[in-house]
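User: I would like to learn how to read sheets, cysteines and pockets from a model. Could you take me through them step by step?

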Amino acid sequence: MLKLSQMADCVSKVELTVSCSNLLDKDVGSKSDPLCVLLQSSGKDSWTELGRTERIENTSSPSFSQRLRLDYHFETVQNLKLGVYDIDNASRDLGDDDYLGGVELTLGQIVSSKTLTRPLQLKKGKPAGKGSITITAEEIKDNRSIQLELEAKNLDKKDTFGKSDPFLEFFKKGDDGKWQLVHRTEVVKNNLNPSWKKFTVPLQTFCSSDLERPLKVDCSDHDSDGSHDLIGSFTTKVSELQKAASGSPVAFDCIHPDKQKKKKSYKNSGVVSVKSCKLATQHSFLDYVMGGCQINFTVGIDFTGSNGDPRSPNSLHYLSPDGLNQYLTALWSVGQVVQDYDTDKLFPAFGFGAKLPPDYQAAHHEFALNFNPSNPNCQGIQGIVEAYRMVLPQLRLSGPTNFSPIINHVASIATGAAQNNSASQYFVLLILTDGEITDLDQTRDAIVRASRLPLSIIIVGVGPADFKAMELLDGDDGVLRSTVGEAVARDIVQFVPFLKFKDQAPQATLAQAVLAEVPTQVVSYFKMRGLQPLKPPVKA
């Protein structure tokens, strides 16, 4: 395993910018609404999604403003696939969207060419019409970002009925002298004096980290048919926008070139002003970990009756002749990765949903796997596996399946750590379950409370059950809310069905999928709390 210091040395971040031309039109009577997805090969025929651009309405030649970021590992071949889809619904699942073509290539190819244009293919050897995709790579060296909030007054009315629907597009001047789109705001409907939401863009994306680089801002009226009308433009640079930080008014006349030519008395088509502008440092997961943040892992294992009697070969807890089952395989593959981040290698491990010896009375919803409630720690992943094998024959599987007690248990420890007001501790709870949850409402409430704490929850679904409830907790298709309607402060649950990965050779693929969101969740928590990485201890 790589030590963290080595890991940081050999990983550089790369940002991909994507545009397409001549995409197939799949929508009747209008052009497609494309979005581009970036996938990385995780062995054999399986692919892991790394990111996706925004969706752009009604265009066959989109330039996406949302960049795709990924780690560039010089020492491995990173096979990538970029797929373009026509999105006609709100679900994140791409299975129900039209495929407009894709391209397979390696990150090395993109990085070495810097800019690459390839024809899109519907499948190998079958071109997607005349469609092509252009990918540009840039290494990310600057961890600052710019945060801007803008408003406009007295914009020109562009719609015959109703007012304009304005949005802003920001462009930086490329080294080749061409304007490159770096950000697009949301559309404010039917308003000639709009205020746009505050947004944050990495400084390298926004102006190539050059505060004097020319920027152009277009203010346009959004039309659902994709033919947006320009209201007006202005040019500026970050050093000028920054004057707003000191309280000076920063305002720009929006100029429409045609109107300016036609009319001597033309003043502007509205005024755009900067309400706030600040530069901030965006820390990475590695910044926090290398600063000394401890990642504490806790494991919860489901011993409820729905798993089946462990003595029966049909049970999910049945140990095969090689001493394994889905629970242990999932634990091993995720544990191997996470134990590198936990210096003491002591993992509290709990079971839930079983009746315990000697009296086998009521079911316990949070018992120490090693039967030692005063010290539930197991030494390393191996220690959890040994405790599991030892207690399994002594348990009686029961019910109901309650997640909230173990979530609340880890949350109470995380609450104590959060009071230090430093980026020193973060907790990850790994729940292995067959997915038949009973206390869904209490669990939702527990997750919403936990979203304000230094805690992430990973649920690995074992067995063939319908995991609809687990997917609801993951919140990827919408915001998870508590029973009284309070939304999660940030996304902290990641759900992965084990069977999806069961037959893939490297167990690492399960770990990658399971742990994919943890670094972002760690950063999002400390950012929400405004906590900087600790300074690494100075070696004597």
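Analyst: We will go through strands, sheets, cysteines and a pocket in turn. Keep in mind that this is a predicted model.

User: Let us start with strand pairing. What is the general idea?

Analyst: Strands of a sheet pair through backbone hydrogen bonds, and the pairing is either parallel or antiparallel. Now take strand β2, residues 34-41. β2 runs antiparallel to β5 (residues 79-86), and 7 bridges join the two. β2 also pairs with β3 (residues 47-52), again in the antiparallel sense, over 5 bridges.

User: Which residue in β5 is the bridge partner of valine 37?

Analyst: Glycine 83 is the bridge partner of valine 37. On the β3 side, leucine 38 stands opposite glycine 51.

User: How do β2 and β3 connect, and what marks the turn?

Analyst: They form a hairpin, with 5 residues between the two strands. Look at glycine 43 in the turn: its phi is positive, about 100°.

User: How many residues of β2 are buried?

Analyst: 7 of its 8 residues are buried, so "mostly covered" fits, with buried meaning under 20% relative accessible area. As background, side chains in a regular strand alternate between the two faces of the sheet.

User: Next, strand order. In what order do the strands of the sheet with β13 lie?

Analyst: The order is β11-β10-β13-β14, an open sheet of 4 strands with antiparallel pairing. β11 (179-184) and β14 (229-236) each have a single partner strand, so one side of each lacks a neighbour in the sheet. Neighbouring strands here are turned by 25° against each other on average, direction ignored. For detail, follow β13, residues 215-221: 7 antiparallel bridges pair β13 with β14. One register point is leucine 215, whose bridge partner in β14 is threonine 236.

User: And what is the order in the sheet that holds β9?

Analyst: That open sheet also reads as 4 strands, β12-β9-β16-β15, with antiparallel pairing. Its edge strands are β12 (199-202) and β15 (251-253), each pairing on one side only. The average turn between neighbouring strands is 35°, direction ignored. Within this sheet, β9 (residues 144-153) pairs with β12 over 4 bridges, in the antiparallel sense. Isoleucine 146 stands opposite valine 201 in β12.

User: Now the cysteines. How many disulfides does a search of the whole structure find?

Analyst: The search finds 0 disulfides. The test is simple: the two sulfur atoms must lie within 2.5 Å.

User: Why is cysteine 36 without a bond?

Analyst: Its closest cysteine sulfur, in cysteine 20, is 5.9 Å away, so the pair is too far apart for a bond. Cysteine 36 is also buried, at 0% relative accessible area.

User: How far is the sulfur of cysteine 207 from the closest cysteine sulfur?

Analyst: The distance is 9.9 Å, to cysteine 277, which is too far for a bond. Cysteine 207 counts as buried too, with 0% relative accessibility.

User: Last, pockets. What is the general idea?

Analyst: Rolling a probe the size of a water molecule over the atoms shows where empty space is left. Take the second largest pocket, which holds about 710 Å³ of space. Its lining has 25 residues; Thr17, Thr115, Thr136, Gly174 and Gln180 lie nearest the centre. The elements giving two or more residues to this lining are β1 (11-21), β8 (126-140), β10 (166-173) and β11.

User: How do the lining residues of that pocket divide by character?

Analyst: The lining of the second largest pocket has 6 nonpolar, 9 polar and 10 charged residues.

Key:
Residues numbered from 1 in each chain as written. Predicted model: local features only at pLDDT ≥ 70, side-chain atom pairs only at ≥ 80, totals over all residues. Heavy atoms only, no water. Pairing = 2+ DSSP bridges. Axes fitted to C-alpha atoms, helices over the stretch in contact; angles between N-to-C directions. Buried < 20%, exposed > 50% of the residue type's maximum accessible area, 1.4 Å probe, protein only. 1 Å grid on protein atoms, 1.4 Å probe; cavity = no way out; pocket = protein on both sides within 12 Å on 5 of 7 lines; lining within 4 Å. Points joined across faces, edges and corners; volume = space filled by probe spheres on them. Nonpolar A, V, L, I, M, F, W, Y, C, P; charged D, E, K, R; others polar.
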